[in-house]
Amino acid sequence: MKFLKVGRVAIITRGRYAGKKVVIIQPVDTGNKAHPFAHALVAGIDRYPEKVTRRMGKARVAKRSKVKPFIKAVNYNHLMPTRYTLELEGLKGAVSNDTFKEVAQREEAKKSVKKALEERYQSGKNRWFFTPLRF
């Protein structure tokens, strides 16, 4: 699909991560042997950072600013794209189709995603992405 490009923020509508925001890392329009349908490799936030106030100490702010990420191959039918984009240069090389074959590679990819997302959160950019959806 032409609007599901790299960097597009989407919301997962089905499954374990329903309602969570993700950023598309690699769209796969034709499918492959492991996933024979149009899908996208995405990185998202499983646990969002908590609210921080001025009176909190540095240690408490650091603890509340943590992000728990996930990486996944998601069918296009289960993605709802938004108008937002997120530029994360480091994620393109971290997550690929080969990443999902071994647990060690998957954990390394999650660590790099976590680092990139936390840096983005600390810088104060893309604040909408780091707040959970409220229904």
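These questions and answers go through a predicted model and the reasons behind the labels put on it.

Q: How do you know how far to trust the protein chain as a whole?
A: The mean pLDDT of the chain is 90, and 99% of its residues reach 70 or more. That sits on a scale running from 0 to 100. Helix α2 (residues 91-94) has the lowest confidence, with a mean of 77, while strand β1 (residues 8-12) has the highest, at 95.

Q: What makes the pairing of K68 and D46 a salt bridge?
A: Their side chains come to 3.6 Å, N to O, and the cut-off is 4 Å between a Lys or Arg nitrogen and an Asp or Glu carboxyl oxygen, so the pair qualifies. K68 belongs to strand β4 and D46 to strand β3, 22 residues apart, so this bridge links distant parts of the chain.

Q: Why is D46 called buried or exposed, and why K68?
A: D46 has 19% relative accessibility, and buried means under 20%, so D46 counts as buried. K68, at 35%, falls between the 20% and 50% limits and is therefore partly exposed.

Q: What makes D98 and K101 a salt bridge, too?
A: Their closest N and O atoms are 3.5 Å apart, again within the 4 Å limit. As for accessibility, K101 has a relative accessible area of 66%, which is over 50%, so K101 is exposed. D98 is at 44% and so counts as partly exposed.

Q: Why are K114 and E118 separated by about one helical turn?
A: Because they are four residues apart in helix α3. They form a salt bridge as well, with 3.5 Å between the closest N and O atoms. K114 is partly exposed because its relative accessibility is 29%, between the two cut-offs. A search of the whole structure turns up five salt bridges.

Q: What makes β4 and β5 the edge strands?
A: Each of them pairs on one side only. The open sheet has five strands in the order β4-β3-β2-β1-β5, with antiparallel pairing, and its twist averages 40° from one strand to the next.

Q: How do you know that β3 and β4 pair?
A: Two strands need at least two bridges to count as paired, and β3 and β4 share eight, in the antiparallel sense. One example is A43, whose bridge partner in β4 is I71. On top of that, α3 lies across β3 and β4 and runs at about 115° to β4.

Q: What makes a set of residues here a nonpolar core, and which members of the largest one touch the most others?
A: The members have to be buried nonpolar residues joined through side-chain atoms within 4.5 Å. The largest core has 20 residues, and L91 and L117 touch the most other members. β2 (21-28), β3 (39-47), β4 (68-75) and α3 (103-123) each supply at least two residues of this core, and α3 gives the largest share, four residues. There is also a second, separate core of 12 residues, with L4, V22, V42 and V74 among them.

Q: Which residues is L91 in contact with, leaving aside its neighbours within four places in sequence?
A: V23, I25, A43, S112, V113 and A116. Contact here takes heavy atoms within 4.5 Å, so each of these residues meets that limit with L91.

Terms used:
Residues numbered from 1 in each chain as written. Predicted model: local features only at pLDDT ≥ 70, side-chain atom pairs only at ≥ 80, totals over all residues. Heavy atoms only, no water. Buried < 20%, exposed > 50% of the residue type's maximum accessible area, 1.4 Å probe, protein only. Axes fitted to C-alpha atoms, helices over the stretch in contact; angles between N-to-C directions. pLDDT = per-residue confidence, 0-100.
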